[in-house]
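This report describes the fold, the surface and the charged contacts of one protein chain. Please consult the sequence and the structure shown below while reading.

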Amino acid sequence: MINISGISNILNKTKTVYVAYSGGLDSSALLYLCSILRDQNKIEELKAVHINHNLSKNSPDWESHCKKICTSLGIELISLSINIEKDRDGIEAAARKSRYEAFSKIVKKDEQLLLAHHADDVAETILFRLFRGTGIDGLEGPKSIRSIGSGFLVRPLLKYSKKELHDFIKEKDIKYIEDETNQESTQDRNYIRNKVLPLINARWPNYEKRIQQTSEIIQERQDIFNSLFKKSYEGLIINNTIDIKALKRLELSEAKELFRYIIKRNNLAMPSKKVLDEIIKTFYTSTPTKSSTVQWSRADKEQKAAAVVFESGMVKICER
């Protein structure tokens, strides 16, 4: 059972709420839930955003469906058409990057963009990150609230399973579309969703709720750790630089975490283990010179490329 009041409690009713609306089951459930909140005066201004990725021959039909549903609900629909350029990280990552860039341009100061990610998506994301290799931060899963553009990205359905959303859709007789590409297993996430997760569910029913709960526990512990780390080590950082002598007085694990902390707080691309080992070798284990530098970037360009350099006895972490 979906707690509609629980969704409204995390929203600012005085600021515009946008629902990312593809027309699929998940976003259709979220749109209808928000329309109920609007009718209860718990959302003052509600709009939907549909992104046409132009990747399917059915894209025009999906857009028409979304327009029809929004008209019937009295919800303004913002339709955007984007062209995806495949990069080395694949069409799925490229589409996601373009979609979020479009979202960030729409959301104004303190406005809220709602995504229909649910507990099954959390499980899928965590397994995907594990298979590719991830640190503790990656095990936090998608955050329920984070910044996007000048506003906030909100995921109010993370506690609910796909089945619960399906039951809601069925109960309310809500029409939605099926994206045929979701049944293809060539993309990594689709493979996990279509092949791996059904096997897990057959052995461990309700696995998605357990993984989602574990994700919440990790997020809580990380929040505490980050707060304590800041209190203990913030004094070593001056404008994103660290005195080389102070750095070398730290234990190896402390030095690694200090680099991660500065990189993360500046929203720079997080280095892989291989790159972080190179940073430690260059600036902690060895004696750096003015020509010492380590650079890295993310393939999907979601975060800024970065570098560590050495200047006048200081180790500096900066955007590249």
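Which residues make a nonpolar surface patch of about 230 Å²? In this predicted model, the patch is made by Ile 10, Ile 145 and Phe 152. Ile 10 belongs to the loop that runs between helix H1 (4–8) and strand E1 (17–20). With a relative accessibility of 37%, Ile 10 counts as partly exposed.

**Overall architecture**

The chain contains 11 helices and 11 strands. Its C-alpha trace spans about 65 × 45 × 35 Å along the principal axes. Of the 320 residues in the chain, 44% are buried. Among contacts with a separation of 6 or more, 69% are between residues 24 or more positions apart. The accessible surface of the chain amounts to about 17700 Å², and carbon and sulfur atoms account for 50% of it.

**Salt bridges**

Side chains of opposite charge can pair when their charged atoms come close. A search of the whole structure yields 21 salt bridges. Three of these pairs are listed here with their N to O distances.

| Basic residue | Acidic residue | N to O distance |
|---|---|---|
| Lys 47 | Glu 76 | 3.8 Å |
| Lys 264 | Asp 137 | 3.4 Å |
| Lys 256 | Asp 277 | 3.9 Å |

The side chains of Lys 47 and Glu 76 meet in a salt bridge. Lys 47 is part of strand E2 (residues 46–52) and Glu 76 is part of strand E3 (residues 76–81), so this pair ties together parts that lie 29 residues apart in sequence. Lys 47 is buried, at a relative accessible area of 15%, whereas Glu 76 is partly exposed, at 44%.

Asp 137 forms a salt bridge with Lys 264. Asp 137 sits in the loop between helix H5 (119–132) and strand E5 (145–148), while Lys 264 is in helix H10 (residues 252–265); the pair therefore ties together parts that are 127 residues apart in sequence. Asp 137 is partly exposed at 30% relative accessibility, and Lys 264 is partly exposed at 37%. Both residues also belong to a network of salt bridges that links Asp 137, Glu 140, Lys 143 and Lys 264.

Helix H10 takes part in another pairing, in which Lys 256 forms a salt bridge with Asp 277. Because Lys 256 lies in helix H10 and Asp 277 in helix H11 (residues 273–285), this pair ties together parts that are 21 residues apart in sequence. Lys 256 is partly exposed, with a relative accessible area of 22%, and Asp 277 is likewise partly exposed, at 30% relative accessibility.

**Cysteines**

How many disulfides does the structure hold? The number is 0. A disulfide is a covalent bond between the sulfur atoms of two cysteines. The cut-off for the two sulfur atoms is within 2.5 Å. The cysteine sulfur closest to that of Cys 66 is in Cys 70, at 6.5 Å, which is too far for a bond. Seen from Cys 70, the closest cysteine sulfur is in Cys 66, again at 6.5 Å and too far for a bond. As for solvent access, Cys 66 is buried at 0% relative accessibility, and Cys 70 is buried at 1%.

Conventions: Residues are numbered from 1 along each chain as its sequence is written. This is a predicted model: local features need pLDDT of at least 70, side-chain atom pairs count only at pLDDT 80 or more; totals for chains, interfaces and linings use all residues. Side-chain values use heavy atoms; hydrogens and water are left out. Buried means under 20% relative accessible area, exposed over 50%, partly exposed in between (1.4 Å probe, protein chains only). Patches are made of residues with over 30% relative accessible area and no salt bridge: like charges are joined within 9 Å, nonpolar side chains (Val, Leu, Ile, Met, Phe, Trp, Tyr) within 5 Å. Accessible areas come from the Shrake-Rupley method with a 1.4 Å probe; for residues, only the protein chains shown count as cover. A salt bridge is a side-chain nitrogen of Lys or Arg within 4 Å of a carboxyl oxygen of Asp or Glu. Helices (H or I, at least four residues) and strands (E, at least two) are DSSP runs, numbered from the N terminus. Contact means heavy atoms within 4.5 Å.
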